[in-house]
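Dear colleague,

I am handing over the structure we spoke about, and I would be grateful if you could look through it with the notes below at your side.

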Amino acid sequence: MQDAVKAVAVFPEQREVRVVTDHPAPKLERDTEVHLKMLDIGVCGTDREIAHFDYGTPPPGAPYLVLGHESLGEVLAVGAAVTGIKPGDLVVTMVRRPCGHPDCPACSINRPDFCLTGDFTERGISGRHGFMTEQVVDDQSYMIVLAPELREVGVLLEPLTIAEKAMIEVGDVEDRLPWLQPALRDRAVDRAKRAVVLGAGPVGLLGAMALLVRGYQTWVYSLEPAGSPKAKWVESVGAKYLGSADTPIAALPQAVGNVDLVYEATGNATIAFQAIQSLGVNGTFIFTGVPGKKGPIELDAELIMRNLVLKNQLVYGTVNAGRDAFEKAAADLHEFHRRWPAALAALITGRYPPESCQSLLLGPSEGIKRVISFSPP
Ligand code: BGC
Ligand code: ZN
């Protein structure tokens, strides 16, 4: 066994981002742990912000933070008490860990995605090393096994979990609509629900697929012009594309009809709060993007408040994901792969060696999902 492994590390004190070659190799210490060889690690906006030292905290006492929270690994070895995971399996590891306070109801049932104290940790983000390294050890309870045919796209699972948690909550929200309740569904007039996805990055496009498999008529609204590769991708999966140059946000209701759901994945407050004004009757607006601190924006709060009340609207935000969302994501990724294999694979627009970390993290943000591969497929 190796003693040291390669890792992509952020040194907040020295303000440096680089590959370290002497990161201590993780070892199986408990019999419920699993030892992984890392295959692919996605690069996302969160990683880029950490690499710009906006946030991100190394583990206590460590001079650096190993980046990476979107991962796919292959099992090398398992502890004696591990069940349902075996060497050779493809595994995605969850990101957030409980706060450890005995009075946190969320963390007490291992749902740190709803942690009340804020003292949770996140691998590759705050207080724990991430997955951009050759090997990882973690507890089996944080791992999801993927079917072997998802080798090429498995790294998309974590960004998909954002949509999956949102969809689980949409289910609860729709339960308030009397005609969508199981007992009355058969008697009610059938009407396809209409969803708008704001933003055509990985979270938006994976969210669009998640809406499509749930039977939503889906529109993706983004900056790229009609006819662009993004627009074609959207049309290839059966959604409709709206380019901001052709359709001002205020015209969403004309283009879509009653906007039943908005899935916000731009992280841009101006766009989001313009779109909220177009939310339809009984509509749900879900925020997933985290905006930088750019200062106040102007908005018609009266109109928004009037609509919220007079149109029975619901607005909520969602972060991170629990095991239920990871499991749903694994099932959905399988379904996406069955329905749209080429479109799903096309979301990964480049695989790079760890040595490319500086251009990926600090250079221009290009493509859709760029991946650091320790072992390309
Ligand atoms: C990750 C989440 C995480 C969030 C906030 C996102 O990029 O996908 O797992 O909770 O950042 O740190
Ligand atoms: Zn991410």
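**Charged pairs and other findings**

R30 is exposed, because its relative accessible area is 55%, and over 50% counts as exposed. Please keep in mind while reading that this is a predicted model.

R30 forms a salt bridge with E33, in which the closest N and O atoms are 3.5 Å apart. E33, by contrast with its exposed partner, is buried, with a relative accessible area of 9%. As background, side chains of opposite charge can pair when their charged atoms come close. The count of salt bridges in the structure comes to 22, and two further pairs may help you to see how they are placed.

In one of them, the side chains of K165 and D113 meet at 3.0 Å, N to O. This pair links distant parts of the chain, since K165 belongs to helix α3 while D113 sits in the loop between α2 (105–108) and β8 (121–123), 52 residues apart. K165 is buried, with a relative accessible area of 5%, and D113 is buried as well, with 4%. Both residues also take part in a network of salt bridges that links R111, D113, K165 and D324.

In the other pair, D260 forms a salt bridge with R191, with 3.2 Å between the closest N and O atoms. Here too distant parts of the chain are linked, 69 residues apart: D260 is in the loop between α7 (252–256) and β15 (261–264), and R191 is in the loop between α4 (182–185) and β12 (194–198). D260 counts as buried at 12% relative accessibility, whereas R191 is partly exposed, with a relative accessible area of 42%.

On the surface, L308, V309, L310 and V315 make a nonpolar patch of about 360 Å². Helix α9 (residues 301–310) gives the most to this patch, with 3 residues, while V315 lies in strand β17 (residues 314–317) and is partly exposed, with a relative accessible area of 34%.

As for the cysteines, the structure holds 0 disulfides. C104 is in no disulfide, and the nearest cysteine sulfur, that of C107, is 3.8 Å away; a disulfide would need the two sulfur atoms to be within 2.5 Å. C104 counts as buried, at 1% relative accessibility.

Finally, the domain assignment of the chain gives domain 1 (4–153 + 347–373) and domain 2 (161–317), and their C-alpha centres lie 30 Å apart. The contact takes 5 residues from domain 1 and 8 residues from domain 2.

With kind regards

Terms used. Residues are numbered from 1 along each chain as its sequence is written. Chains are lettered from A and ligands numbered from 1 in the order in which they are written. This is a predicted model: local features need pLDDT of at least 70, side-chain atom pairs count only at pLDDT 80 or more; totals for chains, interfaces and linings use all residues. Side-chain values use heavy atoms; hydrogens and water are left out. Buried means under 20% relative accessible area, exposed over 50%, partly exposed in between (1.4 Å probe, protein chains only). Patches are made of residues with over 30% relative accessible area and no salt bridge: like charges are joined within 9 Å, nonpolar side chains (Val, Leu, Ile, Met, Phe, Trp, Tyr) within 5 Å. Accessible areas come from the Shrake-Rupley method with a 1.4 Å probe; for residues, only the protein chains shown count as cover. A salt bridge is a side-chain nitrogen of Lys or Arg within 4 Å of a carboxyl oxygen of Asp or Glu. Helices (H or I, at least four residues) and strands (E, at least two) are DSSP runs, numbered from the N terminus. Domain bounds come from an automatic or database domain assignment. Contact means heavy atoms within 4.5 Å.
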